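Me: I'm new to this one and would like to learn how to read it. Could you walk me through it feature by feature?

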Amino acid sequence: MGRLLTRSHDLEETLENVVRLVARWMHAGGCSIYLSEDDGSTLVLRATRGLRPECVGQLRLRVGEGIVGAALESRETIAVPDWQRDDRFRLFPESGEERFRSLVAVPLIMRGMPMGVLTVQTARPRTFSAEELELLETISAQVASIIMNARLIALVAREGNIEPRSAARPEPFAAGTILRGIASSPGIAAGPVHLQRPQLDLDSLRYQPAASRRGEWRAVQSALRQTIRQLGDLRTAVGERLGEDFADVFTTHIMILEDQTFRQRLERHVAEHGDGARALREVLEDYSSIFAATPDPTIRERADDIRDVIGRVIEELVGVRQHNPPLRDGVIVVADWISPSDFVLLETEKIAGMITAHGGPASHASIFARSLEIPAVTGLPDLLERIRPTDRVIANGLDGEVIVNPTPEVLEEYQQRAQGFRRLWGRLDELRDLPSCTLDGREIRLSANIGGLNDLALAEHYGARGVGLFRTEILALSSRGFPDEDEQTRVYRNVAQRVAPDPVSIRTFDMGGDKAFPGEGVQERNPQLGWRSIRFLLDREDVFACQLRAILRANDPGNIRILIPMITSMDELDQTRAILAEQCERLGLSKLPPLGVMIETPAAVSIADHIATVVDFFAIGTNDLVQYVLAMDRENERIAASYDAFHPAVLAQIRRTSDVARAADIGCSVCGELAANPVAVPILIGMGISELSMTPFSIALVRQIVRALDTEKAEHLARSVEDCARASEVREKLWRAFVKMGLIDDRDLGPVIRRLLAARRSERRSTPPERSGMLPS
Ligand code: PEP
Ligand code: MG
């Protein structure tokens with residue numbers, strides 16, 4: 001309990017933890033905390049185990065009213081073995097407390113100030129021993145002290161020492177509120193909220209230093225000591241989970257804080273003006289400009305570390321704890337936005353669901369969520385303002401709904417839907433060893449998109465035939481730097497050996513865009529159109545050549561293919577081939593592995609016939625292709641409804657790419673998210689695509705669709721959608737095709753297909769009424 005209290009950074013979350021633990025220790029079905037309101041005459045239920053969660057914040061009673069009110073008024077613990085025999089009891093039926101019989105109410109008092117009441121309730125009448133009551137009183141004294149601290153912090157914030165984080169906070173969500181976002185990873189999860197906090201905004205920080213410079217320097221030193229201790233804990237935790245390489249970043253951080261030059265600079269700045277927070281920011285600026293000016297890229301990369309670590313010390317100094325508390329099992333992570341580098345540091349095995357305010361389904365966080373089978377919803381911009389750490393939520397990644405503090409009935413309903421979803425997956429699982437062949441015997445290779453070795457287990461589980469896309473930039477993001485040649489060789493060789501004899505397409509680092517690289521220090525106005533992928537690699541030939549050598553060295557099993565991202569010109573391709581040839585020669589290799597390019601820009605589609613003369617395969621990246629064809633940011637949730645791969649302009653680009661590949665007799669796969677969309681499969685196969693690469697999770701469903709298809713009919717369908725002017729017409733044709741295939745009414749598959757073909761928000765506005773009757777409401 002002591003550990004929990006010292007770690008607590010938020011009153012509501014702490015109260016929630018306290019009631020959970022006390023209920024467990026006391027073997028009691030109920031434990032609640034009531035806090036007194038500002039006027040001191042009312043008590044409000046603030047956290048509970050056992051009473052209805054929707055009563056939190058709603059259930060009020062006067063001081064003196066009922067046993068709870070009486071405990072606060074008398075400032076004495078009251079224990080009642082059976083309330084039915086006690087006249088003071090006042091029943092609140094809406095809270096569901098009639099199922100309890102015994103009640104202990106312990107007042108929360110801090111330095112003589114009454115603050116609230118902690119209660120414990122059991123279903124059977126019972127008496128509490130003197131030891132139990134003593135324990136409860138000890139806990140209550142601790143809880144009272146946190147409440148006092150939290151209130152003091154709020155007061156200090158109001159006085160202006162710290163930017164008031166909670167001032168004018170919008171109303172929390174009413175129990176049972178349904179929010180509509182965007183479904184970005186299928187499945188349904190329910191659980192307690194875990195708020196993933198954004199980084200501290202240094203610019204808006206206000207801080208009151210100590211009265212004397214000596215006192216301020218002491219405060220800074222203590223913040224440094226605290227931060228070093230925290231970093232040590234983090235290093236151990238990350239090391240245990242992800243290995244020593246990952247933990248090293250924290251060693252670097254500790255070294256920075258222990259460095260004498262760093263400390264001397266800091267002390268000088270504090271001595272100058274006596275403001276520790278300002279001194280830390282000044283040192284940060286000094287270091288950043290020194291690092292930015294150095295030509296050595298490995299030193300430039302450290303600038304982000306400095307920012308990170310100094311940010312932590314500032315937080316410690318000003319007393320605003322921004323660090324995310326450790327995850328509990330089964331939480332629903334709620335965040336503003338999750339970048340790929342945030343994602344790799346999360347303990348994903350503990351996450352039951354994910355809700356983000358920003359980012360569309362094509363964002364990398366959504367793609368990772370799908371590959372880890374974590375249900376996710378995105379596109380809820382007001383969410384973080386109003387959600388509370390004590391809320392419980394349902395994240396419905398099938399329909400894009402979030403339900404805050406659902407009633408038991410709603411929870412039950414969703415649990416049944418989640419069960420239906422699992423049943424479908426179970427059914428598909430049984431088919432996982434069957435070939436993915438169309439009814440007329442054409443084999444479609446279903447391969448996996450992976451981000452590292454860890455994803456291979458899932459790929460194997462779902463029966464992937466090879467790896468169609470290995471996003472190697474994830475390695476760089478997770479180690480916050482490019483792994484050296486030997487380390488890369490080891491990883492690539494491991495993957496190739498595990499997948500052999502099936503092929504592995506290793507895509508060279510696709511940095512930039514939303515996968516901004518720590519330390520490059522580039523702030524671009526339009527990163528999606530900026531220094532991305534191949535542009536970055538050709539400028540950083542050291543990184544590119546090193547990666548190519550690692551890939552070539554890893555190819556003992558002979559199943560590796562090299563895949564180059566974001567090609568827009570033959571010049572880029574010529575330079576790439578020259579660097580590759582040079583590395584081959586350096587390694588004394590006579591034979592190159594197959595070389596392919598991602599077709600993910602309209603430019604690449606336009607010159608695909610030229611590209612086809614010098615490469616061995618195409619991999620269509622529909623995520624970026626949609627973004628660049630439609631000029632719509634794939635990360636922007638506001639336009640997610642119109643970011644649509646069924647737009648006829650996008651389909652025309654896929655058709656052209658596939659035709660060029662066939663004419664040149666080279667392979668052509670689709671490895672963007674469209675490949676994982678079961679309702680797109682008939683069109684893609686009808687266009688002649690022979691390999692679909694996707695998050696392993698989606699393979700089962702796609703296999704089922706492939707097995708229900710006839711190639712000739714698929715070709716006919718693909719030709720017929722070419723005449724469509726609108727995405728809605730494409731969906732109508734697909735709807736009819738699925739009706740004919742008999743899949744629309746399938747008990748488990750039908751709802752999935754219907755949902756995927758349902759009109760989108762943008763279409764509902766524009767589809768003429770006489771035609772919209774074709775679509776389900
Ligand atoms: C794509 O753009 O479709 C693709 C597969 O690459 P990424 O999502 O990694 O940009
Ligand atoms: Mg891409």
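**Reading the model, step by step**

Reply: Let's start with one residue: Asp-624 is buried, with a relative accessible area of 2%. Keep in mind that this is a predicted model.

Me: What makes a residue count as buried rather than exposed?
Reply: The cut-off is a relative accessible area under 20%. Asp-624 has 2%, so it counts as buried. Glu-600, at 1% relative accessibility, is buried too.

Me: Which protein residues are the donors of the magnesium ion?
Reply: For a metal, look for the protein atoms that sit around it. Here the magnesium ion (ligand 2) has Glu-600 (OE) and Asp-624 (OD) as its protein donors, at 2.0 to 2.1 Å. Glu-600 belongs to the loop between strand E19 (595-599) and helix H21 (602-606), while Asp-624 is in helix H23, so the pair ties together parts 24 residues apart in sequence.

Me: What about ligand 1: how many residues surround it?
Reply: With a ligand, begin by listing its neighbours. Ligand 1 has 16 residues around it, and the closest are Arg-471, Arg-507, Gly-621, Asn-623 and Arg-634. Sorted by class, that shell holds seven charged, five polar and four nonpolar residues.

Me: Which helices and strands supply at least two residues of that shell?
Reply: Those are helix H12 (364-371), strand E16 (467-471) and helix H23 (622-630). H23 gives the most, with three residues.

Me: Which polar atoms of the protein lie by the oxygen atoms of ligand 1?
Reply: Here you go through the atom pairs one at a time. Among them, an N or O atom in the side chain of Arg-634 is 2.8 Å from an oxygen atom of ligand 1. A polar side-chain atom of Asp-624 is 3.0 Å from an oxygen atom of the ligand. For Gly-621, a polar backbone atom is 3.4 Å from a ligand oxygen atom. As for cover, ligand 1 has 290 Å² of accessible area on its own, and the protein covers 100% of that.

Me: Let's try a residue in a helix. Where is Arg-655, and is it buried or exposed?
Reply: Place the residue, check its accessibility, then look at its partners. Arg-655 is part of helix H24 (residues 648-664). Its relative accessible area is 13%, so Arg-655 is buried. The side chain of Arg-655 also makes a polar contact with that of Glu-722, at 2.4 Å. Setting aside residues up to four places away in sequence, Arg-655 touches Arg-662, Gly-686, Met-687, Ala-718, Arg-719 and Glu-722.

Me: And in a loop, say Cys-55: what does it contact?
Reply: The steps carry over. Cys-55 lies in the loop between strand E2 (42-49) and strand E3 (60-62), and at 6% relative accessibility it is buried. Beyond its neighbours within four places in sequence, Cys-55 contacts Leu-45, Glu-94 and Ser-95. You can compare sequence with space as well: Cys-55 and Ala-175 are 120 residues apart in sequence, with their C-alpha atoms 8.3 Å apart.

Me: How do I read the whole chain, and how many helices and strands are there?
Reply: Step back and use totals. The protein chain has 31 helices and 22 strands. Of its 777 residues, 56% count as buried. Among contacts with a separation of 6 or more, 66% come from residues 24 or more positions apart. The chain exposes about 33,300 Å², with 48% of that supplied by carbon and sulfur atoms.

How values were computed:
Residues are numbered from 1 along each chain as its sequence is written. Chains are lettered from A and ligands numbered from 1 in the order in which they are written. This is a predicted model: local features need pLDDT of at least 70, side-chain atom pairs count only at pLDDT 80 or more; totals for chains, interfaces and linings use all residues. Side-chain values use heavy atoms; hydrogens and water are left out. Helices (H or I, at least four residues) and strands (E, at least two) are DSSP runs, numbered from the N terminus. Buried means under 20% relative accessible area, exposed over 50%, partly exposed in between (1.4 Å probe, protein chains only). A polar contact is a pair of N or O atoms within 3.5 Å; within protein, one must be able to donate a hydrogen and the other to accept it, and residues adjacent in sequence count only if both atoms are side-chain atoms. Contact means heavy atoms within 4.5 Å. A residue is near a molecule or strand if one of its heavy atoms lies within 4 Å of it. Accessible areas come from the Shrake-Rupley method with a 1.4 Å probe; for residues, only the protein chains shown count as cover. Ala, Val, Leu, Ile, Met, Phe, Trp, Tyr, Cys and Pro count as nonpolar, Asp, Glu, Lys and Arg as charged, and the others, Gly among them, as polar. Donors are N, O and S atoms within 2.8 Å of the metal (3.2 Å for Na, K and Ca); water is not among the atoms, so sites may look incomplete.
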